[in-house]
Amino acid sequence: MRRLFVANLLVFAVLASAAALAYYGWSYTAEVSSRERMQIEDTMRELADEKIAAIESQLVEADRKVFAAIDIGRLPEVAAEIDRAKAPIVNVFLLDADLQPIPSGYFSKTPDAAEATAFRDRFLSTILPTLPLRVLPLQERGHVHGTWDGQQHLFAFTRKRGPVRDYYIVVETDLAHLTFSVFDQFFVRGSPRLYQVVDENGELIYGEPFRGTEGVEVELPFVETVDKWRLRVAQRDAGSQTARGRRKLIDIVLIGVALAGIVAGLTILLVASRRERRANELKSEFITNVSHELKTPLSIISMFGEMLALGRTRSAEQATEYAEIIWRESVRLARLIDNVLDFAKIERGKDVYEFAEGDVAEVVGRALELSAHRLQKAELEVEVEIDPELPLTLIDANAYTLAVLNLIDNAIKYAAEGKKIIVRVRHDRARDRIVLEVRDFGPGIEAEEHARIFERFYRARAVRLKPIRGSGIGLALVEHIAGAHGGGVGLTSKVGEGTTFSVWIPVRAEPGGAGGERSVV
Ligand code: ADP
């Protein structure tokens, strides 16, 4: 009981550890893959940050150059200075301290003069009032990125100290130049990463829609210049995504297989140990039964032997009777020992059979002769029906005799009250078999025990309570012997009506061939 509890506890512990291992394995895999993803994300974020900083510093630097080049005191030279600064700008406005345009203070790179004038007017009326110029500290750079009349513009501006009063410079960056050449310079096509610039509505300003990426995306805004735009970076999938997916799948499959293996192993172990326990129980029961069976004839032999030796007999007939008892019991003893020894040999898997051509009828007749005395004592009438045209067949006469003796013994032990047994040997011509039947009219066997009584050490429930001696190996031996002849056993029984055991062997079959089938009705 204690051992069983410990064993169950161990099984539970193994299962729990297996589950824990599987859980840790799984969570480790998940953690590794999420860490990898985070690492990729971090790298991409750093990269996006660097790109934005580089682009913006280039633009801001260009603005500063223009701001530095312009000097209101030398107005006629401003246009030349702007050109020299080589900045990606389209328009420059000079405004006085009251934010009024300074005469000749507008410079445009727009080739069409009428268009340039139209823009200047639009700037002064619509755009300028929205720029936070007045709050700007001296020399500082400010910027506004926005949409006016459905068009995007980026303005950078500064306040400078003039000879009399402060004045303002407003510079408009060339956004077309920015998207068509500056971005291209920074976002090299064919690199392991893909870039996009999108506006505040997510509309694509630069780049192509992402396809074939690893699903990790980073988005960062511009700060110093086009602050309505955002830079998006994605990792091109160079197969590492599928490789990671495959690795994860392999991990899951391995964990699953290991778990299944542990559970299957434990189940097999449990079943095996249960079977072992059951076999051990049956074995110890068997030993008790056999010892009991050995003891009884031995004590009878010893008692009657002692009487004979001490001359405690009243007549010569009585002495003969005692001698007969001793003889009978010793035969019984010998048979029991034969049974046990043969059974032991079979158990050890030794080839114990020796086949020779023989006559089954003769073998059955000899077995009946050997049992005659016991049958007579049990007051059992024996009806024998033997097919006169029985063919010869390969047979181990000793083993076959043992089988017949066991069946007759069982009839004597369990069905004596039926008063009669029928022993039949016939040739089943259709299937070319020799069939032996031992029929009794005893109590019969419960249907659910039909299959079990052929198991070694098994004894029917009904007899376990009765003082009928037995070891439970007789029928197992009968079945084994039939199987060794390439045949099988059969059983028909009805409680209260009697039992018929049959043993069939094929005619001229190769010994040890197919067979071993059992038919239970
Ligand atoms: P044993 O006779 O030593 O118990 P067997 O293997 O010969 O072992 O028989 C197994 C069981 O089958 C018996 O214990 C008995 O319950 C049952 N049995 C065998 N023969 C008969 C029979 N002719 N009638 C009723 N029960 C039988």
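Buried means under 20% relative accessible area, exposed means over 50%, and partly exposed lies in between. Keep that scale in mind as you move around this predicted model.

**Stop 1: the whole chain**

Start with everything shown. The protein has ten helices and 17 strands. Its C-alpha atoms fill a box of roughly 165 × 55 × 40 Å along the principal axes. The radius of gyration is 54 Å, whereas a compact globule of 521 residues would have one near 24 Å. Of the 521 residues, 40% count as buried. Among contacts with a separation of 6 or more, 67% join residues 24 or more positions apart.

**Stop 2: the loop after α7**

Select A378, in the loop between α7 (360-377) and β11 (381-386). Is A378 buried or partly exposed? Its relative accessible area is 21%, and because buried requires a value under 20%, A378 counts as partly exposed. Leaving aside neighbours within four places in sequence, A378 is in contact with I412 and A416. Now add T110 to the selection: A378 and T110 are 268 residues apart in sequence, and their C-alpha atoms are 133 Å apart in space.

Stay in this loop and click on E379. Its phi is near 55°, a positive value in a residue other than glycine. With a relative accessible area of 55%, E379 is exposed.

**Stop 3: the largest nonpolar core**

Next, select V360, V364, Y400, L436 and I453. These are the residues with the most contacts inside the largest nonpolar core, which has 52 residues. Which helix gives the most to this core? Colour α8 (residues 397-415): this helix supplies ten residues.

Zoom in on I453 and show what surrounds it. Not counting residues up to four places away in sequence, I453 touches I445, Y458, A460, L475, L491 and F501. Apart from this core lies another, of 25 residues; I40, A48, L59 and F183 are among them.

**Stop 4: the largest pocket**

Return to α8, then turn on a surface. Rolling a probe the size of a water molecule over the atoms shows where empty space is left. The largest pocket holds about 890 Å³ of space. To find its centre, select N410, K413, Y414, R459 and R469, the closest to it of the 43 lining residues.

Which element gives the most to the lining of the largest pocket? That is α8, with nine residues. Other elements that each supply at least two lining residues include α5 (240-309), α6 (316-347), β14 (433-440) and β16 (498-506). The short stretches to highlight as well are α9 (461-464) and α10 (474-484), which also each supply at least two.

Try colouring the lining by class: there are 22 nonpolar, nine polar and twelve charged residues.

**Stop 5: two more loops**

Select G311, found in the loop between α5 and α6. Its relative accessibility is 48%, so G311 counts as partly exposed. Draw a distance from G311 to T43: the two are 268 residues apart along the chain, and 113 Å separates their C-alpha atoms.

Finish at D149, in the loop between β3 (141-148) and β4 (151-161). The phi of D149 is near 50°, a positive value in a residue other than glycine. D149 is exposed, with a relative accessible area of 54%.

Definitions and conventions. Residues numbered from 1 in each chain as written. Predicted model: local features only at pLDDT ≥ 70, side-chain atom pairs only at ≥ 80, totals over all residues. Heavy atoms only, no water. Core = buried A, V, L, I, M, F, W, Y, C linked by side-chain atoms within 4.5 Å. Buried < 20%, exposed > 50% of the residue type's maximum accessible area, 1.4 Å probe, protein only. Helix = DSSP H or I, 4+ residues; strand = E, 2+ residues; numbered from the N terminus. Contact = heavy atoms within 4.5 Å. 1 Å grid on protein atoms, 1.4 Å probe; cavity = no way out; pocket = protein on both sides within 12 Å on 5 of 7 lines; lining within 4 Å. Points joined across faces, edges and corners; volume = space filled by probe spheres on them. Nonpolar A, V, L, I, M, F, W, Y, C, P; charged D, E, K, R; others polar. Rg over C-alpha atoms; globule rule 2.2 N^0.38 Å.
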